[in-house]
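Good morning, colleagues. I should like to take you through one protein model, beginning with its domains and ending with its ligand and two backbone details.

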Amino acid sequence: MTDTAELIELSERRSAHNYHPLPVVIREAEGAWVTDVEGRRYLDCLSGYSSLNFGHGNAKIIEAAREQLGRLTLTSRAFFHDQFAAFAAGLGDLTGKDMVLPMNTGAEAVETAIKVARKWGYEVKGVARDRANIIVMEDNFHGRTTTIVSFSTDPDAHDGFGPYTPGFKIVKYGSADAVRDAVDADTVAVLVEPIQGEAGVLVPPEGYLRQLREICTENNVLMIADEIQSGLGRTGDTFACDHEGVVPDVYVLGKALGGGVVPVSAIAADRDVLGVIRPGQHGSTFGGNPLACAVACAVIDILNTGEYQARAKRLGAVLHERLGGMVGRGVVAVRGRGLWAGVDIDPSLGTGRQISEALMRRGVLAKDTHGSTIRLAPPIVISEEDLLWAVDQLAGAIDDLDG
Ligand SMILES: *Cc1c(COP(=O)(O)O)cnc(C)c1O
């Protein structure tokens with residue numbers, strides 16, 4: 001079937017409407033470009049929510065996957081396999097941590113961090129049984145499980161899914177004082193996105209992460225950085241926390257760790273933290289499987305060269321300079337770091353959805369976050385020429401709506 005309308009109709013009729021996709025049916029992709037079933041090409045400015053940082057069909061990643069597919073794909077963790085050691089050591093080295101615990105999706109890695117923090121709280125910090133609390137931020141996005149949506153402040157994500165998991169305190173994002181006030185003797189962790197992606201690429205005030213680090217250290221509380229979307233090159237550093245020279249106790253990783261090929265997530269922490277998990281206390285059938293490890297090892301190799309971080313930094317400066325020049329011309333505000341931008345469009349021109357649709361008609365795929373905010377996060381392999389073209393199309397899309 002190659003008819004766009006038919007494919008969309010069947011998809012919508014036979015699947016739950018938990019997404020509201022743009023009306024494009026993609027068939028293939030390479031680098032920063034995708035092609036739909038009718039042969040139209042679009043520049044991908046979403047990158048699978050930053051899962052495709054290294055581009056569609058990245059040769060090194062695809063080669064690693066192909067080679068592994070032909071040899072061994074799954075053993076379960078009941079046995080060792082020959083890709084696991086390199087993965088664990090490689091990701092440990094990349095994060096500077098002693099140990100890793102692999103899962104599959106981002107939400108599972110966040111759940112893992114929550115479980116580890118609670119167990120660490122009881123066994124190491126000495127919090128009384130079932131008393132542990134974790135401080136989280138307003139407008140957070142950490143995934144879709146029942147526990148994670150329990151502390152979401154987004155009504156769509158949260159409402160109607162109770163009863164909710166207790167043990168979380170929600171404070172204002174960007175305010176270190178709010179965290180300081182919320183910490184008590186039973187606090188085991190502060191869970192934070194170094195930049196809030198789904199909320200609209202919200203960058204906290206300079207020094208915020210450093211202050212959180214200090215508060216956590218002073219109070220014997222784990223700092224957990226959810227770098228699932230902000231990490232692995234997107235912001236111009238390996239981790240968004242690097243920008244402030246901050247090292248969290250626990251890194252939560254996902255998305256681009258799977259190279260846009262398979263779901264791979266993990267947490268990384270030192271032995272005094274991750275050592276609290278013993279056999280039978282946590283796991284996943286597919287977590288750390290040979291295919292996932294081979295792909296993640298290719299991703300780690302790519303990151304170890306530093307090329308993508310440098311490229312995101314350089315192209316990010318170009319992107320932010322151009323977008324900055326659009327403020328006052330249909331654009332209200334621009335935020336972000338590296339090759340990652342949240343662009344607030346003047347709401348009187350239209351909704352974020354209408355801008356996304358106008359961009360699509362001009363050959364650029366991007367997604368609105370909340371209200372009239374458009375997120376731009378192209379694969380880091382994008383050429384400077386294509387990046388500038390995408391920004392021109394955004395200006396054009398604004399004109400289309402204005403006209
Ligand atoms: C996408 C995302 C998640 C959830 O990852 P899934 O793989 O969709 O479960 C968690 N945290 C952040 C910051 C994310 O962007």
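**Two domains and a ligand site**

The C-alpha centres of domain 1 and domain 2 are 27 Å apart. Please bear in mind throughout that this is a predicted model. The domain assignment gives domain 1 as 4-57 + 307-402, and domain 2 as 72-304. Domain 1 is thus written as two segments, 4-57 and 307-402.

Let me turn to the contact between the domains. How many residues of each domain take part? On the side of domain 1 there are 28 residues, and they are in contact with 28 residues of domain 2. The area buried between domain 1 and domain 2 is about 2400 Å², and carbon and sulfur atoms give 56% of that area. Which residues of domain 1 lose the most area to domain 2? They are Gln-309, Arg-337 and Trp-340, and together they account for 34% of what the side of domain 1 buries.

I come next to the polar side of this interface. There are 2 salt bridges between domain 1 and domain 2. In addition, 15 residue pairs are found in polar contact across the interface, with both residues at pLDDT 80 or more. As for the elements involved, at least two residues each are supplied to the side of domain 1 that touches domain 2 by helix H2 (47-50), helix H12 (307-324), strand E11 (331-336), strand E12 (341-345) and strand E15 (373-376). Sorted by class, that side of domain 1 has 12 nonpolar, 12 polar and 4 charged residues.

One salt bridge may be named individually: the side chains of Arg-375 and Glu-198 meet at 2.8 Å, N to O.

Now to the ligand. The residues around the ligand are Thr-105, Gly-106, Ala-107, Phe-141, His-142, Gly-143, Glu-193, Asp-226, Ile-228, Gln-229 and Lys-255. Which atoms of Gly-106 and Phe-141 approach the ligand? For Gly-106, a polar backbone atom is 2.8 Å from a ligand oxygen. For Phe-141, a polar backbone atom is 3.3 Å from a ligand nitrogen. Gln-229 contributes through its side chain, where a polar atom lies 2.7 Å from an oxygen atom of the ligand.

Finally, I draw your attention to two backbone details. The peptide bond from Gly-162 to Pro-163 is cis, with omega near 0 degrees. Pro-163 is located in the loop between helix H7 (155-158) and strand E6 (168-171). The other detail concerns Ser-50, which is not a glycine and yet has a positive phi of about 75 degrees. Ser-50 belongs to helix H2, one of the elements that supply the side of domain 1 touching domain 2.

Definitions and conventions:
Residues numbered from 1 in each chain as written. Predicted model: local features only at pLDDT ≥ 70, side-chain atom pairs only at ≥ 80, totals over all residues. Heavy atoms only, no water. Domains from an automatic or database assignment. Contact = heavy atoms within 4.5 Å. Buried area = accessible area lost by both parts, 1.4 Å probe. Salt bridge = Lys/Arg side-chain N within 4 Å of Asp/Glu carboxyl O. Polar contact = N/O pair within 3.5 Å; in protein donor to acceptor, adjacent residues only side chain to side chain. Helix = DSSP H or I, 4+ residues; strand = E, 2+ residues; numbered from the N terminus. Nonpolar A, V, L, I, M, F, W, Y, C, P; charged D, E, K, R; others polar. Near = heavy atom within 4 Å.
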